[in-house]
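This report is meant for a reader who is meeting the structure for the first time. Please look through the sequence and the model shown here before reading on.

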Amino acid sequence: MRIDLHTHSDRSDGTTTPTELVNHAGKRGIDVLAITDHDTTEGWAEAAEAAEREGLTLVRGIEVSCKLEGSAVHLLAYLPDPTYEPLAAELGRILEGRNARLPATLAKLRHLGIEIEEDDVRRVAGDAAAMGRPHVADALVEKGVVQDRSEAFDTYLGSRGPAYVKRYAAPLEEMVRMVAAAGGVSVVAHPWGRRYTHQALDEARFAALQDEGLAGIEVDHQDHDERERETLRAIARNLDLVVTGSSDYHGDGKVDHDLGCNTTDPEDFARLVDLARASAAASGRTTPTVLVP
Ligand code: AMP
Ligand code: FE
Ligand code: FE
Ligand code: ZN
């Protein structure tokens, strides 16, 4: 059984529609797929319809933009009730922060002699729920300023780049609690990824997050080398946290992140689903079920 628990559609910064994402997963022999767009559930309904047609198990998730001691941390929230008001409000605040950042980013680019209009970015962003740097990157590609998204991040948009602008992100511990209160389970995405520099996520921190309801750690991710994976796996084993592996697929938007390039062990997936069931029961919320064909 091939299980991929972290993928993006064009409702955030992926380049395929939710339907294309699910169909592609079917073709790649994925049995269980999670759709985890950044900060939005907008792709859920379409993905669920496609999954039913394709005969694929779908897990509804969100990759929530969080911060810990000033650094960015991404939290995968699986199967929360999306109508739980505190969660919906916080996601709204993050999406607003994304859109508010755009003019400031474009002003910085203009200062560097690069003229891009908000409409250019909105057009390439298409159906996305909110703007992200990848959409600005796509507009830069369209203008012929850079070759691809990677070059745009390396040259302008990365956190040390000349066109970087901070935006709102949710406090990590608070979001872990909120996801649990919404009846879902959370997993820290690529905790030691190359693009994220937070030494703060050590075993003691994971233990503290587990006390707030954290269910697991995304260990197998392209941003982790072999040593990092082994160390994270040992931490997860010590703390009895679920271990996940996933592609972080973004369509053509990210190279070397093909569907199924990392996968989750069926036993870990079963534990995650059990924890989600327990969380739903404890919260009393009506949560999405894992859509099984
Ligand atoms: P934002 O969410 O707007 O802050 O933009 C961050 C997103 O950009 C991440 O979630 C990644 O999907 C994407 N990203 C970061 N670095 C790169 C890169 N070098 N190439 C392509 N996409 C990237
Ligand atoms: Fe992304
Ligand atoms: Fe991420
Ligand atoms: Zn992601």
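## Packing of two helices

In this predicted model, helix H8, which covers residues 203-212, packs against helix H9, which covers residues 226-239, at an angle of about 45°, and their axes are 10 Å apart. Because of that angle, H8 counts as oblique to H9, and the crossing in which H8 passes H9 is right-handed.

On the side of H8 the contact is made by Glu-203, Phe-206, Ala-207 and Gln-210, while H9 contributes Leu-232, Ile-235, Asn-238 and Leu-239. Sorted by character, the residues of this contact between H8 and H9 comprise five nonpolar, two polar and one charged.

## The zinc site

The zinc ion (ligand 4) has four protein donors, namely His-6 through NE2, His-8 through NE2, Glu-63 through OE and Asp-248 through OD, and these lie 2.1 to 2.2 Å from the ion. The angles among the four donor atoms run from 79 to 170°, and the site of the zinc ion (ligand 4) is irregular.

## Sequence spacing and the second metal

Along the sequence, the donor residues of the zinc ion (ligand 4) follow the spacing H-x1-H-x54-E-x184-D. The iron ion (ligand 2) and the zinc ion (ligand 4) are 4.6 Å apart.

Distant parts of the chain are linked by this pair: Glu-63 belongs to strand E3 (residues 57-68), whereas Asp-248 sits in the loop between strand E8 (242-245) and helix H10 (266-283), and the two residues are 185 residues apart.

Notes: Residues are numbered from 1 along each chain as its sequence is written. Chains are lettered from A and ligands numbered from 1 in the order in which they are written. This is a predicted model: local features need pLDDT of at least 70, side-chain atom pairs count only at pLDDT 80 or more; totals for chains, interfaces and linings use all residues. Side-chain values use heavy atoms; hydrogens and water are left out. Axes are lines fitted to C-alpha atoms, for helices over the stretch in contact, and angles run from 0 to 180 degrees between N-to-C directions. Helices (H or I, at least four residues) and strands (E, at least two) are DSSP runs, numbered from the N terminus. Angles under 35 degrees count as roughly parallel, over 145 as roughly antiparallel, 65 to 115 as roughly perpendicular and the rest as oblique. A crossing is left-handed if the near helix is turned anticlockwise from the far one by less than a right angle, and right-handed if clockwise. Contact means heavy atoms within 4.5 Å. Ala, Val, Leu, Ile, Met, Phe, Trp, Tyr, Cys and Pro count as nonpolar, Asp, Glu, Lys and Arg as charged, and the others, Gly among them, as polar. Donors are N, O and S atoms within 2.8 Å of the metal (3.2 Å for Na, K and Ca); water is not among the atoms, so sites may look incomplete. Four donors count as tetrahedral if all angles lie between 85 and 135 degrees; four count as square planar and six as octahedral if opposite donors are over 155 degrees apart and all others between 65 and 115; anything else is irregular.
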